[in-house]
Amino acid sequence: MRSNPRDYQLVAPGTLHAVLSLLAEAPGKWLPIAGGTDLMVLYGAGKLAARNLVSIWSLPELRGIEVLPDQVRIGAGCTYAELREHPVIAREFPLLARAASWTGGTANQNRGTIGGNIVNASPAADSLPALLVYEAELILVSVRGERRVPYLGFHTGYKTTQLAGDELLRAVCLARQFSECLHHTRKVGARSAQAIAKVAIAALGGVAGGRVQEVRIALASVAPVPLRLFETERAVKGKSIDKCLLAAARRATVSEIRPIDDIRSTARYRSAVSSNLVEEFLRRLSAGAPI
Amino acid sequence: MNNSSIVGISVPRKEGQDKVTGRAQYIDDIVLPGMWYGATVRSTIPRGRIKQITFGAEVAWDDYVIVSAKDIPGKNCIALIAEDQPCLAENCINHPEEPILLLAHADRHALAKAVNAISIEYDPSPAVLTLEESERCCDIIWGSDNTFKTYVIQKGDIDSAWAKAAYIVEGEYRTGAQEQLYIENNGMIAWFDPEHGITVWGSLQCPYYVHKALMTLCQLPAERVRVVQVETGGAFGGKEDYPSMIAGHAALLAIKTRKAVKIIYDRLEDMAATSKRHPSRTRHRTAVSKDGKILGGTIDFTIDGGAYTTLSPVVLSRGAIHAGGPYYWPSVRITAKALATNAPPHGAFRGFGAPQSLFAMERHMDRIAQIIGASPIVVRQRNFLKPGQTTITEQAVREPIDLEKLLDRALELSSYQSRKESFAEENESGEIKKGIGVAAFLHGAGFTGSGERYLGSVVGVEACADGAVRVLVSSTEFGQGTKTALSQVAAETLGLGYEDVDVAPADTMEVPNSGPTVASRTVMVVGSLVCSAALGIRHALRQSGWLGDSYSPEEFRAACRNYVAAHGALRSWSRYEAPPDIFWDDEKHRGEAYAAFAWAVYIASVRVDLTTYTVSVDDFVALQEVGRVLHPVLAAGQITGGVAQGIGLSLYEKVIWQNGRMQNSQMTNYIMPTSLDVPPIRVFFEELGNVHGAFGAKGIGELPIDGPAPAIANAVADALGAPCDCVPLLAEDIFDILTTRVATADRSGSPSR
Ligand SMILES: Cc1cc2nc3c(=O)[nH]c(=O)nc-3n(C[C@H](O)[C@H](O)[C@H](O)COP(=O)(O)OP(=O)(O)OC[C@H]3O[C@@H](n4cnc5c(N)ncnc54)[C@H](O)[C@@H]3O)c2cc1C
């Protein structure tokens with residue numbers, strides 16, 4: 001442990017209202033801590049800059065998964081264990097359920113929250129490509145009230161977000177409109193479990209009359225933020241999947257990602273695997289294989 | 001007495017219950033009254049001189065005790081083989097993470113900040129970071145030629161071999177550094193008082209190595225240095241030499257503070273600063289006859305020793321002796337070198353040089369097969385050592401080992417032929433390519449050559465006042481089963497129950513020097529000494545009339561009680577004596593290198609996914625001949641664990657170096673395989689029996705890490721039809737192999753296979 005506990009202050013006001021009031025008093029002074037699975041890693045390494053932490057773990061207002069007729073509302077404090085076990089998530093949003101199932105190990109899944117994954121804003125985070133594909137909306141809350149923003153664009157750069165200093169992420173909303181689609185996801189880590197994605201794909205699509213009708217593709221770990229592949233989608237939409245299209249999709253993928261060499265992989269590798277993953281998805285889509 | 005009732009049975013581990021229930025006390029569980037905590041300030045550059053050290057104003061330095069090289073009472077070195085490694089750097093820095101200063105404080109949380117508040121200004125010099133740079137000798141960083149040690153092993157007439165050769169096969173093979181990744185990080189507590197001298201308790205393998213190092217460092221006589229091993233959570237060689245450094249640091253702080261001082265490394269520090277497996281490069285040039293017989297060859301085996309000598313000469317020696325594999329070489333010249341680089345010293349790790357040179361040998365056998373157009377199986381069969389033939393050191397094989405039979409059995413167990421055929425068919429289409437690979441190998445048990453004679457290990461067995469028998473050894477338990485196996489041996493020898501025997505704590509005040517717990521020597525060498533010392537107890541009890549010719553365990557316990565009550569303590573000692581007919585020339589590395597070899601054939605089946613370039617091991621057969629298996633569960637555990645660790649070495653564990661410094665010293669970025677990455681490992685034993693060891697046991701601990709890397713690399717090469725001559729083979733490496741191969745094929749216009 002490279003941090004001194006005496007240098008830190010942790011408060012747990014216990015209600016959403018109390019937490020928001022505290023945040024409003026001095027925006028930026030207090031850092032929310034939910035499951036702590038990202039923050040405590042920094043703390044252990046002596047790298048947690050924030051000294052004042054306010055616990056939002058188990059705030060009732062952030063918990064639970066609410067199923068409404070046209071959407072599902074996931075509390076930001078929802079853990080991976082809760083997500084992966086929820087029947088509606090598993091059935092209608094399998095990309096998210098799968099991502100939750102391969103985030104860390106059991107202990108981490110009991111503690112880590114979807115809100116933490118979103119606000120931590122790692123380009124390698126497992127649930128974020130799924131949220132891009134499902135075109136999630138976020139509900140942000142402060143003493144000033146609630147606002148709803150599309151998840152796409154929430155990350156403004158590497159590890160930065162639109163969240164204001166006095167705001168919390170309250171919930172993630174997913175429209176229930178994808179049950180007809182093929183959902184496809186794959187994580188490429190350095191090992192079969194307990195790995196950070198070197199590249200990951202989440203995608204969905206539908207083919208009608210031999211042509212791609214619906215297609216959404218997102219990748220992790222290939223840019224400063226989780227990336228939706230709009231160019232690639234444009235390149236395939238309305239077309240029939242053949243060798244020529246696969247090649248075009250690969251080209252589009254390579255042109256719109258910005259992978260880097262880092263401690264976990266190389267840009268060359270990430271680039272090749274990204275286009276392989278996109279091709280694999282499109283092949284499945286054309287074969288109509290279910291998830 | 002009922003014979004063979006304990007040896008060969010999987011009795012419960014002596015320390016198992018304490019570990020499972022959490023009662024076992026590891027070093028960080030122990031708190032002494034008034035104890036302080038220590039931390040180490042380390043270099044951030046690979047090479048240079050210290051210009052200035054500044055203590056930041058934000059820290060209340062009066063609350064800390066600070067130790068520098070000037071505070072060392074004795075010699076500033078970690079005494080082991082050479083005395084070139086300082087305990088604390090004084091002026092010169094020779095590698096990153098080199099210890100410079102020590103800090104102690106009453107509050108362990110107050111240390112990290114203080115370490116960060118010390119800034120050190122350097123005058124940097126150019127660093128030597130690779131074997132090639134070291135060889136070039138543009139910068140001399142050690143001795144006169146950057147070479148810690150050279151061995152040349154020469155057998156037969158190589159020149160005539162070249163002349164007779166139908167093929168000359170060349171290859172270069174490399175292995176990377178590997179971290180031991182024991183579960184428990186390193187740690188020590190030291191305590192000093194002028195009367196008793198220094199005492200250290202710690203997580204360690206070799207109490208007498210630490211003892212020797214502390215005598216030199218603190219300038220104290222043997223009786224005023226006491227080293228106690230506490231429960232140790234894994235070691236794998238990683239706690240063979242480095243604990244002497246940490247013990248030295250804790251001791252210096254204890255001497256200056258006059259308090260007990262504890263130093264515990266966290267994972268980041270442990271991975272960045274302590275020793276790892278030596279990276280290696282092996283070049284083979286082999287003369288082969290038309291029908292695939294090895295006629296002779298040269299093997300250049302080079303290892304990266306890091307900045308100081310530490311154990312490199314010994315690792316080099318073992319690697320060189322294993323470089324020819326389990327094959328008959330009519331002639332060979334092995335040139336082995338350990339070179340200096342400005343990286344933290346590489347050290348002991350399970351296998352000790354043999355996994356490196358055997359990787360090269362077994363990859364090279366597949367290359368020979370490919371070049372002469374024979375199967376890898378046939379090429380191995382043609383060249384296997386047979387009883388009566390001699391190894392590369394001209395040691396005659398006296399055991400009735402039949403490697404062809406071993407290979408046949410392994411082929412059958414792994415369904416080699418049918419898999420080979422079905423893989424060829426399946427690989428014609430699709431993104432999954434499957435392959436199967438073989439490695440045949442041997443591992444010498446015990447110290448090399450005259451090593452055991454120099455060690456002159458001593459073992460004691462004691463009859464206690466309560467009737468129990470205690471084994472007195474400095475051989476340590478660190479998860480591999482030392483206590484259990486040695487208790488089995490003593491109990492079996494004396495016809496007692498397993499519970500009648502225990503092993504004394506490894507405390508240099510209590511136990512004799514039975515040698516370090518390394519080199520797969522404990523059961524074979526120390527176990528034999530336990531037998532004879534135990535017999536000494538029985539003899540004394542009979543001589544004194546307390547024990548009859550035949551006895552029950554209860555009668556034996558009564559005899560012990562009576563003897564001790566009447567005459568006082570009863571201890572029997574036994575010292576190692578080399579068998580008389582053993583010849584070994586250390587300079588030429590010729591003669592009887594090992595008292596016994598364990599033999600093995602491992603076969604791996606893999607799949608490579610061409611979408612992600614990842615390799616997974618689908619099946620692993622590990623068949624070995626290790627003499628008598630004393631404890632089937634422990635033995636199988638050693639093999640399974642060794643293979644898993646070998647899978648790590650082959651496919652996952654890559655140290656990323658930058659300027660001599662490990663960049664990925666965290667378990668999130670240094671990837672060890674999880675249970676999902678390890679296939680069912682199918683373990684099989686052949687038992688031939690061996691005259692040397694206790695009840696015919698040979699060494700077993702290191703053998704299993706020799707085979708996985710070549711078997712897996714051969715399997716991957718089989719799957720891809722491309723050579724895989726370096727481990728680890730990460731997905732990125734597979735991708736590079738495939739893409740460079742395509743590029744080369746394009747240029748030369750030849751079709752890729
Ligand atoms: C062993 C281990 C394995 C892991 N494996 C994976 C993996 O495979 N894949 C993966 O994606 N991640 C992984 N992680 C990272 C981590 O578990 C996830 O990112 C997790 O979702 C973080 O959630 P948390 O609640 O623990 O976040 P915390 O650590 O509590 O917080 C993270 C950040 O989010 C902010 N925050 C949290 N909740 C809110 C909120 N409601 N409103 C505003 N800000 C908020 C915090 O202020 C902080 O900046 C792993 C971590 C560990 C320790």
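Me: Hi! Before we get into partners, when do two strands count as paired here?
Reply: Hi! Two strands pair if DSSP finds at least two bridges between them. Keep in mind that this is a predicted model.

Me: Great. Which residue of β27(B) is the bridge partner of Q624(B)?
Reply: That would be F685(B). Q624(B) belongs to β24(B), and six bridges join that strand to β27(B), residues 681-686.

Me: Do those two run parallel or antiparallel?
Reply: β24(B) and β27(B) run parallel.

Me: And what about β23(B), how many bridges there?
Reply: Eleven bridges join β23(B), residues 596-609, to β24(B), and this pair runs antiparallel. D609(B) stands opposite T614(B) in β24(B).

Me: What's in the turn of that hairpin?
Reply: Four residues lie between β23(B) and β24(B). One of them, Y613(B), has a positive phi of about 65 degrees.

Me: Is β24(B) largely enclosed or not, and why?
Reply: Largely enclosed by the rest of the structure, because nine of its twelve residues, 614-625, are buried.

Me: Switching to charges. How many salt bridges over all chains?
Reply: The count comes to 65 over all chains.

Me: Got one from chain A, say with R176(A)?
Reply: Sure, R176(A) forms a salt bridge with E92(A), and the closest N and O atoms are 2.7 Å apart. R176(A) is in the loop between β10 and β11 of chain A while E92(A) is in helix α4, so the pair ties together parts 84 residues apart in sequence.

Me: Buried or exposed, those two?
Reply: R176(A) is partly exposed at 28% relative accessibility, whereas E92(A) is buried at 13%.

Me: Now chain B. What does E97(B) pair with?
Reply: E97(B) forms a salt bridge with R661(B), with the closest N and O atoms 2.9 Å apart. This pair links distant parts of the chain: E97(B) sits in the loop between β4 and β5, R661(B) in strand β26, 564 residues apart. E97(B) is buried at 11% relative accessibility, and R661(B) is partly exposed at 28%.

Me: And where is the partner of E184(B)?
Reply: The partner is K239(B), with the closest N and O atoms 3.4 Å apart. K239(B) lies in the loop between β11 and α6 of chain B, and E184(B) in the loop between β8 and β9, so they tie together parts 55 residues apart in sequence.

Me: How accessible is K239(B)?
Reply: K239(B) has a relative accessible area of 0%, so it counts as buried. E184(B) is buried too, at 13%.

Me: Last one: which residues are linked in a network of salt bridges?
Reply: E132(B), E135(B), E172(B), R174(B), R281(B) and R283(B).

Definitions and conventions:
Residues numbered from 1 in each chain as written. Chains lettered and ligands numbered in written order. Predicted model: local features only at pLDDT ≥ 70, side-chain atom pairs only at ≥ 80, totals over all residues. Heavy atoms only, no water. Buried < 20%, exposed > 50% of the residue type's maximum accessible area, 1.4 Å probe, protein only. Salt bridge = Lys/Arg side-chain N within 4 Å of Asp/Glu carboxyl O.
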